[in-house]
Amino acid sequence: MLNSFNKYSKVNSITLHSDAEQASVYVAQQIAELIRQQQEQGKPAVLGLATGNTPKRVYQELVRLHQNEGLSFHNVISFNLDEYYPICPDNDQSYTYFMRKYLFSHIDIKSHNIHIPHTDFPPHRILQYCKDYEDKIVSFGGLDLQLLGIGRNGHIGFNEPGSTFDSTTRLVNLHSLTRQDAQTHFGTIDNVPLQAISIGIQTIIQAKKILLLALGERKSEIISKALKGEISTQVPASILQTLSQVEYILDRDAAALIQD
Ligand code: PGA
């Protein structure tokens, strides 16, 4: 770790690492520590999990900790942030597929403890489905830890610019930049779904601990806006500036515009 500082934000901390590898391993260690602490107390660890390029190395390290260092996930209850709508869970572009590929099929989490929005159902069921997802998180006492990436437009989950800070799980329209960034994954822009189900900003900010991981130069501009800019629904991640339970974990490139 290079250093830890809170120069821009009055309440939360920024942990700066020299590269993506170190930052990712650090995040995996934070998650592992929480899981072990909860185990020692005989409690579940309720984790909010993210998808995308950013957490891949974190998950790889968690798998390594499971395989080589005996980290068990038997007490883990997971809730993923979001999923494209509509998409079949078996589709290799779905986040269900992603989570299986990068994490769940390599660890001992119980399948009934995994929650990822399933979105292969008709529109009339969406409202109830979203309410049930939200209620389920509450029924486990809320999220102990939420892992976040950040979109280049400042989204957290699929809470796109304009999402209100009191939003809960719902159907959202994807922002053009989000769809553009997903293009490589889907082949062409026309294949990228127009909508998604995402947990809300209110759901996220109620987590007891929030780790926001940002890696690489392409995130430097939005990191600067989210951490130093005004708090605005136009940059959804900016709300995190106000919360004491937030830690931003950045590599040197992502932090390029917030260092003197
Ligand atoms: P990425 O996406 O990790 O693929 O950059 C992050 C996000 O959109 O939250």
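The following questions and answers look at the ligand site, a salt bridge and one peptide bond in a predicted model.

In this predicted model, local features need pLDDT of at least 70 and side-chain atom pairs pLDDT 80 or more, while totals for chains, interfaces and linings use all residues. Residues are numbered from 1 along each chain as its sequence is written, and side-chain values use heavy atoms, with hydrogens and water left out.

Student: Which residue has a side-chain N or O atom 2.4 Å from an oxygen atom of the ligand?
Tutor: The residues around the ligand, each with a heavy atom within 4 Å of it, include N53, T54 and K219. A polar contact is a pair of N or O atoms within 3.5 Å, and a ligand oxygen is 2.9 Å from a polar backbone atom of N53. For the side chain of K219 the distance from a ligand oxygen to an N or O atom is 2.6 Å, whereas the value of 2.4 Å belongs to the side chain of T54.

Student: How many charged residues does the shell around the ligand have?
Tutor: Asp, Glu, Lys and Arg count as charged, Ala, Val, Leu, Ile, Met, Phe, Trp, Tyr, Cys and Pro as nonpolar, and the others, Gly among them, as polar. By these classes the shell has 1 nonpolar and 6 polar residues, and the number of charged residues is 2.

Student: Which residue meets E21 in a salt bridge?
Tutor: A salt bridge is a side-chain nitrogen of Lys or Arg within 4 Å of a carboxyl oxygen of Asp or Glu, and by this rule the count is 10. For E21 the N to O distance is 2.7 Å, and the partner is R57.

Student: Is the peptide bond from Y85 to P86 cis or trans?
Tutor: Most peptide bonds are trans. From Y85 to P86, however, omega is near -15 degrees, and the bond is cis.

Key: A polar contact is a pair of N or O atoms within 3.5 Å; within protein, one must be able to donate a hydrogen and the other to accept it, and residues adjacent in sequence count only if both atoms are side-chain atoms.
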